[in-house]
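The following paragraphs offer a guided reading of one protein model. Please keep the sequence and the structure in view while reading.

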Amino acid sequence: MDALVAAEVMSGAPALDMDKAVARAVDATAQAFQWDGKPRGLPYGLRALDERTLGAMPGDLVIVAGRPGMGKTAFALGALRNQALDGARAMFVSLEMGDVALTQRMIADHLWRPGHRLQYWQMSAGKFREEEFLRITEAARDISRWPIRIEQQPGLTVAQIGARARQYKRRHGLKALWVDHLGLIKPSGRYAGNKVNETGEITMGLKGLAKELDIPVFALCQITRGVDGREDKRPQLSDLRNSGDIEQDADTVLMMYRPAYYLAKKEPPAGSAEFLIWAEEMSTVENRLDCIVEKQRSGPVGTVRLH
């Protein structure tokens with residue numbers, strides 16, 4: 001038994017005496033000084049967020065959480081686009097949305113320019129001008145060269161996701177794994193009916209996968225409806241479904257919050273004095289996404305404002 005335990009320990013991280021641990025820590029600090037605040041991990045390609053987090057480190061589990069409509073998938077695809085443009089090969093496991101809808105979102109994001117934007121729903125509904133189709137096909141040609149693989153089979157377990165990621169990494173290399181979303185990952189059946197334990201098994205499995213593959217794993221996650229009943233709609237860690245295990249296993253938790261989503265539901269009658277005040281407030285938050293860094297093992301928390 002002791003031999004088995006010793007073998008298992010040797011296969012993991014080595015034990016260190018304090019002198020060696022101190023030397024490694026000083027070495028890491030010197031390297032950090034040379035980086036001078038630049039992202040040391042995989043960047044999101046969003047300057048304010050990269051400055052706050054220094055990117056996602058290999059082995060990290062990053063949770064991107066929020067209510068439906070808060071922009072989780074839009075944020076994920078935007079970061080994925082930026083990572084792909086930097087040459088980082090990634091796998092996007094979509095357990096909810098098909099490849100056509102995902103790619104239309106990527107095209108819309110790639111086409112966006114100040115003063116001119118084509119939204120993804122306009123493409124799916126065919127509500128665009130004929131000349132805009134040329135821009136769509138040009139963007140599609142660019143995107144077709146991006147080093148991204150979309151896995152879209154529903155009901156995958158963590159083990160199945162891991163098998164596909166390992167195989168892809170062996171053949172092509174892999175720098176990031178995105179999963180949309182955590183609640184749709186199929187549990188193994190070991191804790192059948194116990195949602196808390198099932199969630200813990202899944203988040204522990206994703207964290208283990210991140211460490212094994214030595215890449216960051218990003219998992220999207222929906223939060224409870226409780227936030228909708230509060231005066232302050234900004235999400236908190238306690239709003240995560242079965243939050244204990246998610247909080248414990250995640251290295252970073254990013255909460256998505258769009259003030260315009262809730263403000264739009266309070267629109268007063270047009271022409272009233274209240275409407276003028278509402279419209280002015282709406283104009284200031286219309287394109288705003290607050291990315292709330294609620295947890296970060298190796299850095300500060302706080303809110304980053306995105307467009």
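A residue is called buried when its relative accessible area is under 20%, exposed when that area is over 50%, and partly exposed in between. The model discussed here is predicted, and these terms will serve throughout the discussion.

The reading begins with helix H4, which covers residues 72-85 and contains 14 residues. From its first C-alpha to its last, H4 reaches 20 Å, close to the 20 Å expected at 1.5 Å a residue. How many of the 14 residues of H4 are buried? The count is 12, and H4 is therefore described as mostly covered, given that buried residues are those under 20% relative accessible area. Among them are the charged residues Lys-72 and Arg-81, along with Phe-75, Leu-77 and Leu-80. Gly-78 and Asn-82 are buried in H4 as well. After the helix comes Gly-87, whose phi is positive, near 90 degrees.

Attention now turns to contacts between side chains. The structure holds 13 salt bridges, and three of these pairs may be examined in turn.

One salt bridge joins the side chains of Asp-142 and Arg-145, with a distance of 3.1 Å from N to O. Asp-142 has a relative accessibility of 31% and counts as partly exposed, whereas Arg-145 is exposed, at 61%.

Another pair consists of Arg-166 and Glu-212, whose closest N and O atoms are 2.5 Å apart. Arg-166 belongs to helix H8 (residues 158-172) and Glu-212 to helix H9 (residues 195-213), so this salt bridge ties together parts that lie 46 residues apart in sequence. Both partners count as partly exposed: Arg-166 has a relative accessibility of 29%, and Glu-212 has one of 47%.

A further salt bridge connects Arg-305 with Asp-290, and here the closest N and O atoms are 3.8 Å apart. This pair links distant parts of the chain, since Arg-305 lies in strand E8 (residues 302-306) and Asp-290 in strand E7 (residues 289-296), 15 residues apart. Is Asp-290 buried or exposed? With a relative accessible area of 1%, Asp-290 is buried, because this value falls under the 20% cut-off. Its partner Arg-305, in contrast, is exposed, with a relative accessible area of 56%. The two residues also belong to one network, in which salt bridges that share partners join Arg-234, Arg-288, Asp-290 and Arg-305.

Notes:
Residues are numbered from 1 along each chain as its sequence is written. This is a predicted model: local features need pLDDT of at least 70, side-chain atom pairs count only at pLDDT 80 or more; totals for chains, interfaces and linings use all residues. Side-chain values use heavy atoms; hydrogens and water are left out. Helices (H or I, at least four residues) and strands (E, at least two) are DSSP runs, numbered from the N terminus. The expected span of a helix is 1.5 Å times one less than its number of residues. Buried means under 20% relative accessible area, exposed over 50%, partly exposed in between (1.4 Å probe, protein chains only). A salt bridge is a side-chain nitrogen of Lys or Arg within 4 Å of a carboxyl oxygen of Asp or Glu.
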